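Student: I have a model open and want to learn to read it. Where do we start?
Tutor: Let us take a look, then go feature by feature.

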Amino acid sequence: MLKNDGRVSGSAVFVYERGNPFMRLDKYLKITRLIKRRTVANEACDAGKVMVNDKIARASYDVKVGDIIEINMGARPLKVKVTNVTEHATKDTAADNYVVVS
């Protein structure tokens, strides 16, 4: 059950459930700079090029800590494990939100 505990942004894509933050997949890909633009992330999800935990994921999937995201765009697929979900990340701190698996 979703609960708004006062820490939700005005865009309502960053929420908490029992103290664990999660957000939409397309926004997470943009914030972490795994994909440059949110519209490109949305299109990649629609085309089936993004998988979460070995399942094709929609852009509206709620990313949580511990999820494994695989992006099949370009020459080599990228697989990362989500270590943190934050609403804002600078260029220097964006990579702190995930660990590259392969």
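Student: Which residue in strand 7 is the bridge partner of Ile69?
Tutor: Val80 is that partner. One caution early: this is a predicted model. Now widen the view. Strand 6 and strand 7 run antiparallel, joined by four bridges.

Student: What happens on the other side of strand 6, and how does strand 3 pair with strand 6?
Tutor: Strand 3 pairs with strand 6 in the antiparallel sense, over three bridges. Met51 has Glu70 as its bridge partner in strand 6. Keep one general idea in mind: side chains in a regular strand alternate between the two faces of the sheet.

Student: How many residues lie between the strands in the hairpin of strand 6 and strand 7?
Tutor: Six residues lie between them. Check the backbone angles there. Gly74 takes a positive phi near 85°. There is another glycine to check: Gly48, just after helix 2, has a positive phi of about 80°.

Student: How many helices and strands does the chain have?
Tutor: Two helices and eight strands. Along the sequence the pattern reads β-β-α-α-β-β-β-β-β-β.

Student: Next, the core. Which residues have the most contacts inside the largest nonpolar core?
Tutor: Leu25, Tyr28, Leu29, Val50 and Ile69 do, in a core of 23 residues. Then ask which elements feed the core. Helix 1 (25–31), helix 2 (38–46), strand 3 (50–52), strand 6 (68–71) and strand 7 (78–82) each supply at least two residues. Helix 1 gives the most, with four residues.

Student: What does Ile69 touch, leaving out residues up to four places away in sequence?
Tutor: The list includes Leu25, Tyr28 and Leu29. Val50, Met51 and Val52 are also among the contacts of Ile69, as are Val80 and Val82.

Student: Which residues of helix 2 are buried?
Tutor: Ala41, Ala44 and Cys45 are buried. They sit on the same side of helix 2, because they cover an arc of only 100° around the axis. The buried residues pack against helix 1 and strand 3. The face turned away from the buried side carries the exposed residues Thr39, Glu43 and Asp46.

Student: I see a charged residue in the other helix. Is Asp26 buried or exposed?
Tutor: Compare the relative accessible area with the cut-off: buried means under 20%. Asp26 has 1%, so Asp26 is buried. Asp26 lies in helix 1. Beyond neighbours within four places in sequence, its contacts are Arg38, Ala41, Asn42 and Ala59.

Student: And where is Lys64 placed?
Tutor: In the loop between strand 5 (62–63) and strand 6. Lys64 counts as partly exposed, at 34% relative accessibility. Beyond four places in sequence, Lys64 touches Pro21, Phe22, Val82 and Val85. Look at Val85: 21 residues separate it from Lys64 along the chain, yet their C-alpha atoms are separated by 7.0 Å.

Student: What share of the 102 residues is buried?
Tutor: Buried residues make up 36%. The chain exposes about 6300 Å², with carbon and sulfur atoms supplying 51% of that area.

Student: Last check, confidence. What is the mean pLDDT of the chain?
Tutor: The mean is 85, and 80% of the residues reach 70 or more. Look separately at residues 1–12. There pLDDT stays under 50, and the model has 13 contacts beyond four places in sequence for this stretch.

Key: Residues are numbered from 1 along each chain as its sequence is written. Side-chain values use heavy atoms; hydrogens and water are left out. A nonpolar core is a set of buried Ala, Val, Leu, Ile, Met, Phe, Trp, Tyr and Cys residues joined through side-chain atoms within 4.5 Å. Buried means under 20% relative accessible area, exposed over 50%, partly exposed in between (1.4 Å probe, protein chains only). Contact means heavy atoms within 4.5 Å. pLDDT is the predictor's confidence in each residue, from 0 to 100. Two strands pair if DSSP finds at least two bridges between them. Accessible areas come from the Shrake-Rupley method with a 1.4 Å probe; for residues, only the protein chains shown count as cover. The arc is that of the directions from the helix axis to the C-beta atoms.
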